[in-house]
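Subject: Handover of a structure, with notes

Dear colleague,

I am passing on the structure below, together with some notes for someone who has not seen it before. Please keep it open while you read.

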There are 2 protein chains.
Amino acid sequence: MLPYTPEQGTLADIATHRLAHSIVTGEIAQGQKLNEAELAERFGMGRGPLREALRHLEGMRLVKRIPNVGARVVILDHKTLSDLYAVREALEGMACRIAATQMTDAEIEQLRTLLDSHEKQIRKQGGKVYAQKEGDLDFHYQIARGSRNQMLMDLLGSEQYQLLRMCRYRTSRNAERTGPALQQHRQIVEALAQRDGELAEMLMRRHIQGAWQSIDEMIEKEEAA
Amino acid sequence: MLPYTPEQGTLADIATHRLAHSIVTGEIAQGQKLNEAELAERFGMGRGPLREALRHLEGMRLVKRIPNVGARVVILDHKTLSDLYAVREALEGMACRIAATQMTDAEIEQLRTLLDSHEKQIRKQGGKVYAQKEGDLDFHYQIARGSRNQMLMDLLGSEQYQLLRMCRYRTSRNAERTGPALQQHRQIVEALAQRDGELAEMLMRRHIQGAWQSIDEMIEKEEAA
DNA sequence: TTTTTACATATTGTCGACAATCGGAGTTAA
DNA sequence: TTAACTCCGATTGTCGACAATATGTAAAAA
């Protein structure tokens, strides 16, 4: 589910959220054509609101539209993912740097608590890997919030970063990295607690580079097979 | 004008570009209400395409929409600008770092040529400051292109960064910084030529910090008066 | 057989009208 | 005088139908 799941509001917003969910979870395949009339009927609405939803999804980079031809779900190829992670590295690094000066002690303590619960979840193991993944997103989003920068929050939060969640669903099988990731998260929190923005930024950037490296290897293994 | 100004294509796209232009140049004031019916008639189209344009502009962060209430032009207050420059620093820094490894020698040479023409324009002085400003945007965009990262190009290019152009129009009067800015640009190009991504990133980030500082002071002077 | 052209079909783009909702003017009561 | 309430006008949200455009097929020419 999306961070906030309004099955209310305008029909266009409902369509946006339902489609975004379907796309992110892979329920609608990458590259699939999105037929306006068909979707409108499935959602029980006219084509007007649905078209607005498609425009919105285009802004989220979840679909690509071509005039007079139609909309298709984006294809997360290797290059796109690589580009995404470079942007993430830049933005989340900056968020971290600012958060080190802006977050309250209480918020940093909350981060520690969040990581504790992650650790428990990992110990219990078997449990959904997805949960950890979404929890990881939570960690990153909490830091974005800590930056007090609305634009960063938008870019790293629900509106713009559904692409990342989509990627997570696609690569959710590699659970082996949760261990090192957790430790890196802890290092980052300590840097925040010491109010060392420069260090926090560096650690976050390394963390994301590591995550990309892990995903990159996995994709290449897949493509070899 | 926009980098590409299609007065063709779908009506929604035309409306998007015309409105974006009017908003960026200040022809439509910040915070002004955008009446659908009125604009639709002014542009000689129905409300459907215009609504899609508003959605698109919302994605560009040029307008803010509230359900059942309507759309207003965003207000570029101090906090918003500050947030914008932090994001710019992160993204353009990253673009610079990558460009140092990805740009061809020919492209770097082109950058030098671009800066030469900027210098001439500044010498001729009186000439439009705007031209320099847009030229500056060119410089930054060329580097974004040099990163070969489509997402960075989108975020720093025409689609997402109209906000920045809007800011430029608002603060275009302070021409005194063109001198140091040019010198910093030259330093950046040299770092690129040496293929030193780390240095190029650092210089770009400082450059943008300096630009923000300059704008920040200017705004405070304005608000004092 | 291959290429090109013309056509038929499906899909997108656009419009005008109607329904739902919000903001404000005016009224009434405390 | 102030507060809350009610109603009305204006604006947004939605729908269905029609026009414009692209895609795929089949026939005709090379």
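What follows is a description of the surfaces near the two DNA strands, the contact between the chains, one residue and the cysteines.

This is a predicted model, in which local features need pLDDT of at least 70 and side-chain atom pairs count only at pLDDT 80 or more, while totals for chains, interfaces and linings use all residues. Residues are numbered from 1 along each chain as its sequence is written, chains are lettered from A and ligands numbered from 1 in the order in which they are written, and side-chain values use heavy atoms, with hydrogens and water left out.

I begin with DNA strand C. There are 19 residues around this strand, and A:R47, A:R51, A:N68, B:L11 and B:G46 come nearest, where a residue is near a strand if one of its heavy atoms lies within 4 Å of it. Of the atoms of DNA strand C that come within 4 Å of the protein, 77% belong to sugar and phosphate. Several polar contacts (pairs of N or O atoms within 3.5 Å; within protein, one must be able to donate a hydrogen and the other to accept it, and residues adjacent in sequence count only if both atoms are side-chain atoms) involve phosphate oxygens of DNA strand C: a polar side-chain atom of A:R51 lies 2.4 Å from one, a backbone N or O atom of A:N68 lies 3.1 Å from one, and a backbone N or O atom of A:E36 lies 3.4 Å from one. At least two residues of this surface are supplied by each of β1 (33-34) and α3 (47-59) of chain A and α1 (11-24) and α3 (47-59) of chain B, these elements being DSSP runs numbered from the N terminus (helices are H or I, at least four residues; strands are E, at least two).

Turning to DNA strand D, 19 residues surround this strand, and the closest are A:L11, A:G46, B:R47, B:R51 and B:N68. Sugar and phosphate again make up 77% of the atoms of DNA strand D within 4 Å of the protein. A side-chain N or O atom of B:R47 is 2.8 Å from a base nitrogen of DNA strand D, whereas B:R51 places a side-chain N or O atom 2.4 Å from a phosphate oxygen, and a polar backbone atom of A:L11 is 2.5 Å from a phosphate oxygen.

The two protein chains also meet each other. Chain A gives 33 residues to the contact and chain B gives 33 residues, contact meaning heavy atoms within 4.5 Å. About 2,700 Å² is buried between them, of which carbon and sulfur atoms give 55%; this is the accessible area (1.4 Å probe) that two parts lose on being put together, summed over both. On the chain A side, A:E52, A:R55 and A:M151 lose the most area to chain B, together 26% of what that side buries.

A:T10 sits in the segment before α1 of chain A and touches B:R55 and B:P67, leaving aside residues up to four places away in sequence. At 28% relative accessibility, A:T10 is partly exposed (buried means under 20% relative accessible area, exposed over 50%, partly exposed in between; 1.4 Å probe, protein chains only).

Finally, the count of disulfides (pairs of cysteine sulfur atoms within 2.5 Å) comes to 0 over all chains. A:C96 is in no disulfide, and the nearest cysteine sulfur, that of A:C167, is 20 Å away; A:C96 is buried, at 0% relative accessibility.

With best wishes
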